[in-house]
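Visitor: I am new to this structure, and I would like to look closely at a single part before I try to take in the rest. Please choose one spot, stay with it for a while, and then lead me outward from there step by step.

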Amino acid sequence: MAAVDAVVWDIGRVLVQWDFPLIWRDVIPDPVARAAFTTTVVSESWHSRHDVGETMDALIAERVAEHPAERALIERYRTHWLLAVPGPIAGTHPLVEGLATAGVPQFALTNFGADAFAMFRPTFPVLDHMIEIVVSGDERLVKPDPAIFALAARRFGHDPARMLFIDDNADNIAAARKLGWQVHHFTGDAAALEADLIALGLL
């Protein structure tokens with residue numbers, strides 16, 4: 001394997017927790033009722049359209065037209081979105097800091113809606129260590145589409161064979177590997193990721 005010159009992070013479920021129904025936990029405290037709302041009125045698959053480039057306003061307007069009695073709850077998607085990212089993933093932020101101290105170039109490649117990322121980015125200073133972040137909602141391309149990996153490689157300016165891509169999604173990992181990237185499938189085990197980074201000589 002080639003030496004690694006740079007590390008490319010996914011964000012959701014790698015650097016930050018992501019739990020879509022938390023947006024409504026305070027106003028729908030019953031978990032059964034909340035699960036029903038977040039599968040029939042709004043859903044994570046509905047939200048994923050934001051990752052592809054649809055605006056929050058458009059998504060909300062569509063759902064309100066279909067469920068007018070639920071307007072106030074649906075509009076929480078925009079006003080309370082940050083509740084869905086309640087905190088960092090344990091153990092990964094020290095790895096970002098360690099790589100920064102070691103002078104390893106770091107980037108991020110994330111499926112994230114543009115409106116949501118604009119709200120989220122100022123709350124998450126660990127991303128200051130990223131030289132560049134490719135956001136799917138800005139590009140209207142999402143992982144695992146090979147096109148977004150090609151775009152990221154051009155932007156980051158490193159050979160994919162010399163970048164380590166870290167993601168929690170097995171489909172994204174498989175796509176990156178097929179395109180020649182080095183990969184780490186993150187399953188929540190920061191110690192395993194640290195061991196990989198040490199084995200690659202990055203930490």
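**From one asparagine to the sheet beside it**

Guide: Let us begin at Asn 172, a residue of helix 9, which spans residues 170-178. Please keep in mind throughout that what you see is a predicted model. Asn 172 has a relative accessibility of 5%, and because buried here means under 20%, this residue counts as buried. What does Asn 172 touch, once residues up to four places away in sequence are set aside? Its partners are Lys 143, Pro 144, Phe 149, Phe 165 and Asp 167, and they give us several paths to follow.

The first path leads to Lys 143 and Pro 144, which are joined by a cis peptide bond with omega near 10°. Pro 144 belongs to the loop that connects helix 7 (136-139) with helix 8 (146-156). That loop also holds Arg 140, which has a positive phi of about 55° although it is not a glycine. Whereas Asn 172 is buried, Arg 140 is exposed, at a relative accessible area of 57%.

The second path leads to Phe 165 and Asp 167, the other two partners I would like to follow from Asn 172. Both of them point one way from strand 4, together with Met 163, while Leu 164 and Ile 166 point the other way. In a regular strand the side chains alternate between the two faces of the sheet. Is strand 4 mostly covered or mostly open? It is mostly covered, for 5 of its 5 residues are buried.

Strand 4, made up of residues 163-167, is joined to strand 5 by 4 bridges, and the two run parallel. Along this pairing, Asp 167, which we met as a contact of Asn 172, stands opposite His 185 in strand 5, and Leu 164 stands opposite Gln 182. The chain passes from strand 4 through helix 9 to strand 5, making a right-handed β-α-β crossover, so the helix that carries Asn 172 is the link in this crossover. Strand 4 is also joined to strand 1, again by 4 bridges and again in parallel, and there Ala 6 stands opposite Met 163.

These pairings are part of an open sheet of 5 strands, whose order is 3-2-1-4-5 and whose pairing is parallel. Strand 3 (133-135) and strand 5 (182-185) are the edge strands, each pairing on one side only. Averaged over this sheet and ignoring direction, neighbouring strands are turned by 20° against each other. Helix 10, which covers residues 190-199, packs on the sheet and touches strand 1 (6-9), strand 4 and strand 5, and its direction makes about 160° with that of strand 5.

From the sheet we can turn to the nonpolar cores. The largest of them has 47 residues, and those with the most contacts inside it are Trp 9, Ile 11, Tyr 77, Trp 81, Phe 120 and Leu 127. Among the elements that each supply at least two residues of this core are strand 1, strand 3, strand 4 and helix 10, while its largest share, 4 residues, comes from helix 3. To see one of its well-connected members, look at Ile 11, whose contacts beyond four places in sequence include Val 16, Ala 108, Phe 112, Phe 120, Leu 127 and Ile 133. A second, separate core has 18 residues, including Ala 6, Leu 109, Phe 165 and Ile 173, and with Phe 165 we are back at a residue that Asn 172 touches.

For a last view, move to helix 1 (residues 31-40), where Arg 34, Phe 37 and Thr 38 are buried. Seen down the helix axis, these buried residues fall within an arc of 90°, so they line one face of helix 1. An α-helix has 3.6 residues a turn, so residues three or four places apart point the same way. The buried residues of helix 1 pack against helix 2 (44-52) and helix 4 (71-79), whereas Val 32, Thr 39 and Thr 40 are exposed on the other side.

Note on methods
Residues numbered from 1 in each chain as written. Predicted model: local features only at pLDDT ≥ 70, side-chain atom pairs only at ≥ 80, totals over all residues. Heavy atoms only, no water. Buried < 20%, exposed > 50% of the residue type's maximum accessible area, 1.4 Å probe, protein only. Arc of directions from axis to C-beta. Contact = heavy atoms within 4.5 Å. Pairing = 2+ DSSP bridges. Axes fitted to C-alpha atoms, helices over the stretch in contact; angles between N-to-C directions. Core = buried A, V, L, I, M, F, W, Y, C linked by side-chain atoms within 4.5 Å. Right-handed = clockwise from strand over helix to strand, strands pointing away.
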